[in-house]
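Me: Could you walk me through this one? I'd like to start with the strands and finish at the ligand.

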Amino acid sequence: MKVILIAAITLCGRISPATMGSQEDRQLLERMRQETDASLLGAGTLRDGDPEMRGPGGVLFADRLRGVVSGSGDFPWQKKQLFCKGPVPLIFTGHELVAELGGRFGDRAEVVGLTAGPGGLLLAPAFAELARRGARRVLVEGGGRLNHACLSQGVVDELMVTLCPFLSGDRYAASLAEGSVPLGDPFLPCELLAVRQGEQGELYLRYRVKK
Ligand SMILES: NC(=O)c1ccc[n+]([C@@H]2O[C@H](COP(=O)([O-])OP(=O)(O)OC[C@H]3O[C@@H](n4cnc5c(N)ncnc54)[C@H](OP(=O)(O)O)[C@@H]3O)[C@@H](O)[C@H]2O)c1
């Protein structure tokens with residue numbers, strides 16, 4: 001399986017609010033959904049917005065997997081389109097919450113248990129579950145804490161980062177990878193695979209994570 005982390009960031013590395021991407025960037029994200037078999041989101045991104053993970057032209061792929069990682073299982077899911085339209089999403093949570101959340105979501109979501117590790121839930125089994133369901137390429141769509149967890153647990157193969165021509169400066173806005181420990185010693189090295197300049201002054205960057 002190949003895992004690709006995708007994000008739009010400001011020049012100062014912030015990903016929030018997620019309005020910095022141009023239409024060209026939005027189209028790239030939608031195309032990547034078309035080219036991959038599954039998307040994974042953090043619960044924070046679901047709380048902050050109403051993501052449905054649609055493809056080009058607003059299409060909701062009937063056979064594409066959509067997953068949310070949540071340690072708490074606590075988000076206003078009744079108000080979110082993810083649980084109303086398209087294929088039933090997967091909720092990845094701790095084993096201890098599976099029965100409770102299974103009852104809460106009924107047939108609106110499928111709840112999958114994960115084991116807790118030192119810095120949160122261990123995510124490799126979530127990707128293994130997606131692979132078991134047929135996913136060969138998976139998109140990690142953020143936000144910052146999910147990105148950090150995936151990177152620190154060594155499950156990301158490539159990064160697709162759109163560097164947008166904006167500065168935020170808001171220290172409270174999520175950054176590309178939000179965690180309490182560095183991802184490396186002190187950095188996690190990456191190798192540049194491709195760079196392209198966009199029409200609105202963005203840079204489309206593609207990196208391989210050196211493991
Ligand atoms: N610019 C972009 O490309 C882009 C893309 C996506 C999101 N965003 C922005 O990013 C912001 C959200 O980022 P965020 O860092 O606050 O939230 P996030 O990463 O979306 O979600 C964090 C939550 O996900 C769950 N989670 C993630 N990894 C986990 C693990 N290993 N174990 C247990 N739980 C785990 C936890 O849920 P519980 O709290 O339920 O335990 C955690 O609090 C939003 O403002 C959104 O708009 C930007």
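Reply: Sure, and keep in mind that this is a predicted model. Let's pick a residue in the sheet to begin with: Ala8 faces Thr162 of β9.

Me: How many bridges join β1 to β9?

Reply: β9 covers residues 158-163, and one of its residues, Thr162, sits opposite Ala8. β1 and β9 run parallel, and the number of bridges joining them is six.

Me: Which residue in β8 is the bridge partner of Val3?

Reply: β8 spans residues 137-140 and pairs with β1 in the parallel sense, over four bridges. Within β8, the partner of Val3 is Val138.

Me: Is β1 largely enclosed or largely open?

Reply: Look at residues 2-9, which make up β1. Six of these eight residues are buried, so the strand counts as largely enclosed by the rest of the structure.

Me: Is Thr45 buried or exposed?

Reply: Thr45 belongs to helix α2, residues 43-48. Leaving out residues up to four places away in sequence, Thr45 touches Pro51, Gly142 and Gly143. A residue needs 20 or more other C-beta atoms within 10 Å to pass the cut-off. Thr45 has 22, so Thr45 is buried.

Me: How far apart are the C-alpha atoms of Thr45 and Arg145?

Reply: Along the chain, 100 residues separate Thr45 and Arg145. In space, their C-alpha atoms are separated by 9.6 Å.

Me: How many residues of the shell around the ligand are charged?

Reply: The ligand is surrounded by 29 residues, with Gly42, Gly44, Gly120, Gly142 and Gly143 the closest. β1, α2, β7 and α5 each supply at least two residues of that shell. By type, there are 12 nonpolar and 12 polar residues, and the charged ones number five.

Technical notes: Residues numbered from 1 in each chain as written. Predicted model: local features only at pLDDT ≥ 70, side-chain atom pairs only at ≥ 80, totals over all residues. Buried ≥ 20, exposed ≤ 12 C-beta atoms within 10 Å, placed from the backbone. Pairing = 2+ DSSP bridges. Contact = placed C-beta atoms within 7 Å. Near = placed C-beta within 6 Å. Nonpolar A, V, L, I, M, F, W, Y, C, P; charged D, E, K, R; others polar.
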